[in-house]
Amino acid sequence: MSSPTPQAVAPATSDHPSVRGVLVALSVAMLMTSLGTSIANVALPTLTQVFTAPFQAVQWVVIAYLLTITALVTTVGRLGDLLGRRRLLLLGLVIFTLASLAGGASVSLWQLIAARVGQGVGAALMMALAMALVSEVVPKDKAGGAMGLLGTVSAVGTALGPTLGGLLIGAVGWQAVFWINLPLGAVAFVLAHRHLSPDRLPAEPGKVRFDPLGTVLLTLSLTAYALSMTLGQGRFGALHIGLLLTAALGAGAFVVAEGRVAAPLVRPALFRHPVTGTGFVTSALVTTVVMATLVVGPFYLGGVLGLDAVRTGLVMSVGPAVAAIAGLPAGRWVDRVGPHQVGLAGLATMLAGTAALPTASSAWGVAGYAGTLALITSGYAAFQAANNTTVMASASPDQRGLVSGLLNLARNLGLITGASVMGAVFHAGASTRQIATADPQALAAGLGLTFLVAAAAVATAVVLALVGLAAARRAAPIDHAQATRHA
């Protein structure tokens, strides 16, 4: 992470009401996307009964949404750079809202899954462009607070989703899980349309070029990887190996293609730069660790500490609640002391929490688990506020949508990988495939191995951040023209 130079940040503006309006609009958009991630999960048992479908089919209501975002978020970010971020954000709001309407009106499971794909398209547009638009309108000395606000809203949506979904299903029906987005989408659209400035498109539109081959190869690779991680819940067979090979071959072809086309989707220089390169990797690593707490927590809390479902849910909510509370203060801390110190402090806090969680849980039970979980998520909130601020500030103005999309892609890949790989590590540590019937000793062993791996992942992130910081002090911010010459 490196300090941005003046040319890499958005100019300050005195139009504070407009800035506030933009932040409210983007916050509502981020709330919708994060609710979309978590609110549908609680409806899955109901949907199995409504559509008389097996769970393996119904789980695609969740998978389709996450898979679509993962496959498209980078591409739509780049499209925002080329076609206009405001217009594509507004388009994303319209698509997400209409897809939510269609989801609630679905009369078959496959119609609902198709609507979730539509929600994923809209969410990808909103997620990819929100941080880019913040970088445009928020003054440099307030950027950290704005990034922290978006992180807080995202955490609130993720934490609120299951509770709100349960209340809506009980009071109205499963359709309300999707229709709740209609008023939210309308509010966000009106605010964004009113407060976002018109897009400044290139002076010579004829020179704007897109990279169809790179787009296809990247989408294919990401889709294959996401499917390999989400199908089978971490149990790998021939299908998963085939998907991983497809992802690897597609990624290799993508790298070769990007080095040869005149206007690549993602320039190799973007990953060679110490700020963006390490920023993407460290974000994926720490998100993988956070996902581990969600994967193994219910089994440990129920099987070892003896909590029922209600109390397990309360303890699990500590993580999102702490992230929501810490996000905005962390962003303001970034503005006051700088992103380097905050980012490294966040990683150090995460490392302490992951290393201590198994021992603290064994020694102090629920209090030990909840306390170390709070350390992990507060550190995560601080790191993400600092990392997002630095990476976005280091991006050239014509690549902000792409860089924002890549940051969201890194987060999604961390979520997907954490759910699959950390789940497999937990099974390996417990030495059983039947976690539901494993004894407390086996579950405790699984927890220990999982967070040993998690601590190693955070330690790797610390090393990468330090290496990136040292290299960034000798490097200039990313320049689009230079990247073109050296791609």
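Does Leu-98 count as buried or exposed, and at what relative accessibility? In this predicted model, Leu-98 counts as exposed because its relative accessibility is 53%, where the exposed class begins over 50%. The residue lies in helix 5, and it takes part in a nonpolar surface patch of about 350 Å². The other members of this patch are Val-94, Leu-101 and Trp-179. Helix 5, which spans residues 85-104, gives the most to the patch, with three residues.

A contact between two further helices was also examined. Two packed helices are described by the angle between their axes and by the distance between those axes. For helix 4 (residues 60-83) and helix 6 (residues 109-137), the axes come within 7 Å and cross at roughly 35°. The crossing of helix 4 and helix 6 is right-handed. Of the residues that form the contact of helix 4 with helix 6, 20 are nonpolar, five are polar and one is charged.

Leu-407 is placed in helix 17, which covers residues 400-430. With a relative accessibility of 3%, Leu-407 counts as buried, since the buried class comprises values under 20%. Leu-407 is separated from Met-392 by 15 residues in sequence, and the C-alpha to C-alpha distance between Leu-407 and Met-392 is 9.0 Å. The two leucines thus fall into opposite classes: Leu-98 of helix 5 is exposed, whereas Leu-407 of helix 17 is buried.

Key. Residues numbered from 1 in each chain as written. Predicted model: local features only at pLDDT ≥ 70, side-chain atom pairs only at ≥ 80, totals over all residues. Heavy atoms only, no water. Patch = residues over 30% accessible without salt bridge, like charges linked within 9 Å, V, L, I, M, F, W, Y side chains within 5 Å. Areas by Shrake-Rupley, 256 points an atom, 1.4 Å probe, with all protein chains shown as cover. Salt bridge = Lys/Arg side-chain N within 4 Å of Asp/Glu carboxyl O. Helix = DSSP H or I, 4+ residues; strand = E, 2+ residues; numbered from the N terminus. Buried < 20%, exposed > 50% of the residue type's maximum accessible area, 1.4 Å probe, protein only. Axes fitted to C-alpha atoms, helices over the stretch in contact; angles between N-to-C directions. Left-handed = near helix turned anticlockwise from the far one by under 90°. Nonpolar A, V, L, I, M, F, W, Y, C, P; charged D, E, K, R; others polar.
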